[in-house]
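Trainee: Please take me through chain B of this complex and the part of chain A that meets it.

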Amino acid sequence: MTSSVATRPQQPPPARARSHRSIPARLLVAPSVILLVLWMVVPLAMAIWFAFQRYNLLIPDNREFVGFANFAYILTDPTLWISIGITMILVVSVLAITIGLGTVLAVLFNQEFPGRGVARVLAISPFFVMPTVSALIWKNMLMHPVNGLFAQITRGLGLGAIDWFADFPLLAIIIIVAWQWLPFSLLILLTAIQSLDTDQMEAARMDGASAMQLFRFVVLPHLNRAIAVVAMIETIFFLTIFAEIFVTTGGGPGLATTNLAYYIYLKALLEFDVGGASAGGLIAVVLANIVAIFLMRSVARNLDT
Amino acid sequence: MSTVTLRDIHKTYIDNEIIKGVDLDIHDREFVVFVGPSGCGKSTLLRMIAGLEDITSGDLLVDGERMNDVPPDQRGLAMVFQTYALYPHMTVAENMAFSLRLAGVSKERRLERARDVARILQLEPLLDRKPGKLSGGQRQRVAIGRALVRNPKVFLFDEPLSNLDASLRVQMRIELSGLHESLQSTMIYVTHDQIEAMTLADKIVVLQGGVVEQVGSPLELYHHPRNLFVAGFIGSPKMNFLSVQTTGVQDSGTTVRLPGDATITIPVQPRTLMAGDRATLGIRPEHLRIDATNPTLMGEVLVVERLGGETYLYVKVAGGETFIVQTDGNSRAKVRDRVPVTIEGSVCHLFDGEGQAIPKAERHPLSLTRHPEVPLHTEATLEQTYEQPTHLHEVPRQAE
C-alpha cells in the first residue's frame with residue numbers, strides 16, 4: 001500500500017484551487033500586516049519625507065523641497081560625528097561591562113550558597129527600575145557631589161568628593177546604564193549556564209581541566225550563543241539611550257555626553273529643525289542597520305553550530 | 001599492572017547512607033561490571049572511583065596507591081559517560097585530544113595521537129566533524145576514543161550503551177568486548193542491563209541498597225546465586241520462587257514438600273536447614289519442563305507469550321503461585337489449558353528463611369573458572385573464585 005502511494009505520479013494541485021485557498025489566509029494575516037505597516041513604514045516614510053524638506057517649526061510656512069541639503073548640512077556638522085563617536089563609546093563600553101561582569105556574576109550565582117534565591121532577586125531588581133528613576137537615584141543620591149553617598153564616603157575618608165557629572169560625565173552615564181542592564185545579561189547568561197550539561201563539566205575535570213580551563217574551554221563556548229544574543233539585544237537599546245542623559249547631564253558639559261539620539265532631540269526640539277532631525281534620524285537608522293547586520297551575522301553563525 | 005582496590009568504602013549524603021561499606025578487588029586486565037536496580041549505588045560507586053564524588057570513609061587504592069584525595073585527572077582513569085558528554089564546539093579530533101591540550105602537548109603530537117586512536121575505532125573519516133553531526137553510535141565511539149587517548153590504567157564506563165537503540169547496543173557491546181580483548185586493560189562498567197553484564201564481564205558485582213550482594217563470574221552468579229536477590233536479579237525471565245517445607249535433610253540433598261504435596265530432593269549441602277523449616281525453592285523458567293510422563297505439579301496457563309524461538313507460559317500452580325515456564329517455540333499450549341510441570345531437583349536452588357542460598361553439593365563445572373575465553377593469570381585468581389561464595393561481604397585480599 002505504501003509503495004502504491006509512493007509510485008503514483010505526483011500531481012500538483014490546480015493553481016486556481018491553491019489561490020482560492022490562500023485568499024482567506026491572506027485576509028486573516030492582514031490585520032497584523034496592516035498594523036506593522038502603520039507602525040513601522042509610515043513613520044519611516046514620514047522621516048524620509050521630512051528629511052528632504054526645509055521644515056523649521058519656528059517658520060512652519062516656509063516649507064519646501066530642498067533635496068539633499070539637510071543631509072549635506074548634518075553630515076558636515078562636526079557635532080554629528082562627535083555624537084556618533086560618543087554613541088559608539090557608550091555602546092561598546094556598556095556592552096563590555098554588562099557581558100564581562102554578567103558572565104562572572106552568572107558563574108557565581110550558579111554556585112550553591114546560603115541566601116542564593118534572595119541574592120538573585122536583588123541582583124536582578126535594577127532592571128525593574130525605569131531609566132528616568134534610576135538616573136535620578138544615581139544623580140541625586142549616589143553621585144551628587146554634596147549629598148551623594150559616594151561623596152559622603154570619599155569625604156569621610158578625607159579624599160574629597162568627585163563631581164561625577166562635571167568631571168567624568170560619560171563615565172557616569174556608562175556606569176548608570178551598565179547598572180541598569182547588568183541584570184539583563186546576568187539573567188540570560190545564568191539560564192544559559194544552567195543548561196550546561198554537568199557531564200560535560202565532569203568529563204573536562206577527568207580530562208584534567210583546572211577551574212579556569214573549565215571556564216575557558218567548556219563554560220565560555222557554551223555561553224557563546226547567549227552572549228551573542230545579549231550583545232544584539234543590548235546594542236539595539238544602547239544605540240538609543242536617552243532618558244539617562246536627559247535626566248542627568250543634558251548632553252553636557254558641552255557635547256561630552258551627546259549621543260546620536262540626544263543630538264536628534266537637540267535638532268528637533270531645541271532648534272525646531274524637523275528636516276535636519278529627520279535627516280539625522282535616517283543616518284541613525286543606517287548606522288543601526290550596519291551594526292545589526294554584523295551582529296545578525298555573528299549570531300546566525302553561532303546558531304548554526 | 002593496574003588494579004583497583006576498594007576497602008570499606010562508605011558514602012553518606014547528609015543523613016543518607018548511599019554506599020554502606022564496599023570491599024572489592026579488581027585485578028589487572030579484568031572486566032568488572034557493576035549491576036543492580038536503579039538507586040542501588042552502582043553509579044555513585046563508579047563516580048567515587050573516578051573522583052567525581054568524595055569518599056566519606058574507606059580507602060580507594062589504584063595500583064596500591066591511596067587515591068581518596070587525588071584529583072580525578074591524576075588518578076590515571078578515564079571515564080565514558082552515559083550522555084557521552086562530548087564538547088559540542090570542538091571537532092572529533094579536538095574532543096579526543098582535549099586532555100592532551102590541557103596537558104600542554106604540542107598540536108602535531110595531539111593530532112597524531114587522535115589519529116592513532118581514530119584508526120582503532122574507525123573514526124578517521126569523521127575527525128573534522130562536530131559531535132552534532134554524528135550518529136549516536138559514532139558519538140559513543142568518540143567518547144570511548146577520548147578515554148583511549150589518555151592511555152588510562154583503568155577505563156570506567158557509566159551505562160555507556162543505554163542511549164543507543166537495541167541493534168546498535170548489541171553491535172557496540174561486541175565492539176567493547178573486542179576492545180577489551182585487544183587493549184588488555186582493566187575496565188569497570190556500570191549497567192542495569194543484565195545481558196550486558198553477563199556477556200561482557202569477567203566478574204560481576206551485584207549491588208543492592210549500597211551493599212555488595214555477590215561478586216563472581218557471570219555463570220557463577222547464574223548457577224550459584226548467594227541469596228534470593230541475586231537469584232531473582234540474574235537471569236531473564238526472572239527465577240520462579242515457591243514457598244516450601246523441608247521434610248528431610250541428608251548428606252546427598254535436602255527434601256522439600258511442595259504445595260501440591262509432591263516432594264523433590266535438591267542436592268545441596270546439609271547446612272542450616274532442619275526438617276520442618278520453611279524454605280524457598282527457586283527454579284529458573286528455562287529449567288522447568290512441560291512433561292506429562294512424571295509431572296511434579298499441575299497448573300493452569302494464564303498467559304502465553306510467543307517469541308518465535310521459545311514460548312513463555314505463565315502457569316498458576318497449586319498453592320496459588322504463578323510460574324514462568326520457558327518452553328518450545330512450537331508449544332501448542334493455550335490460555336486456560338491445564339499443563340503438567342516437571343521440576344528436577346538437580347537444577348533447583350534452595351534458600352533458607354533469611355533468603356540465603358544453601359550451597360549446592362557440587363559446583364557447576366562452568367562456574368569454577370572465570371570467563372572461558374579469558375585466560376587465568378595466576379593460580380591465586382582461580383583459588384579466589386572458588387572461595388568467594390562462602391564469604392558474604394568479604395573478598396579475599398590479593399597479595400600485592
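The exchange below treats confidence, overall build, one sheet, one residue, the core and the interface.

Mentor: This is a predicted model, in which local features need pLDDT of at least 70, side-chain atom pairs count only at pLDDT 80 or more, and totals for chains, interfaces and linings use all residues. Residues are numbered from 1 along each chain as its sequence is written, while chains are lettered from A and ligands numbered from 1 in the order in which they are written.

Trainee: In chain B, where is confidence lowest?

Mentor: The pLDDT is the predictor's confidence in each residue, from 0 to 100, and chain B averages 85, with 92% of the residues at 70 or above. Over residues 371-400 of chain B the pLDDT is below 50. Where pLDDT is low, the predicted coordinates should not be read in detail. Helices (H or I, at least four residues) and strands (E, at least two) are DSSP runs numbered from the N terminus; confidence is highest in strand E3 (residues 31-35) of chain B, at 93, and lowest, at a mean of 39, in helix H10 (residues 379-387) of chain B.

Trainee: How far apart are the C-alpha centres of domain 1 and domain 2 of chain B?

Mentor: Chain B has 10 helices and 20 strands, and its C-alpha trace spans about 75 × 45 × 45 Å along the principal axes. Its domain bounds come from an automatic or database domain assignment, which gives domain 1 (4-228) and domain 2 (238-351). The separation of their C-alpha centres is 39 Å.

Trainee: Which strands of the open sheet E2-E1-E4-E5 in chain B stand at the edges?

Mentor: Two strands pair if DSSP finds at least two bridges between them, and in this four-stranded sheet the pairing is antiparallel. Strand E4 (residues 57-62) of chain B pairs with E5(B) over two bridges, and B:Val62 stands opposite B:Glu65 in E5(B). Each edge strand has a single partner, so one side of each is left without a neighbour in the sheet; these are strand E2 (16-26) and strand E5 (65-66) of chain B.

Trainee: Is B:Arg113 buried or exposed?

Mentor: B:Arg113 lies in helix H4 (residues 107-121) of chain B. Setting aside residues up to four places away in sequence, B:Arg113 is in contact (C-beta atoms, placed from the backbone, within 7 Å) with B:Ala97, B:Leu100 and B:Val149. A residue is buried if 20 or more other C-beta atoms lie within 10 Å of its own, exposed if 12 or fewer, and partly exposed in between. Because B:Arg113 has 20 other C-beta atoms within 10 Å, the residue is buried.

Trainee: Which helix gives the most to the largest nonpolar core?

Mentor: A nonpolar core is a set of buried Ala, Val, Leu, Ile, Met, Phe, Trp, Tyr and Cys residues joined through C-beta atoms within 7 Å. The largest has 161 residues, and among the members that touch the most others are B:Val33 and B:Ile188. With 13 residues, the element that gives the most to this core is helix H9 (residues 169-194) of chain A.

Trainee: Which element gives the most to the side of chain B that touches chain A?

Mentor: The contact takes 17 residues from chain B and 14 residues from chain A, and the predictor gives the complex an ipTM of 0.75. Strand E6 (77-80) and helix H3 (98-102) of chain B are the elements that give two or more residues to the side of chain B that touches chain A. With three residues, the element that gives the most to that side is H3(B).

Conventions
Contact = placed C-beta atoms within 7 Å.
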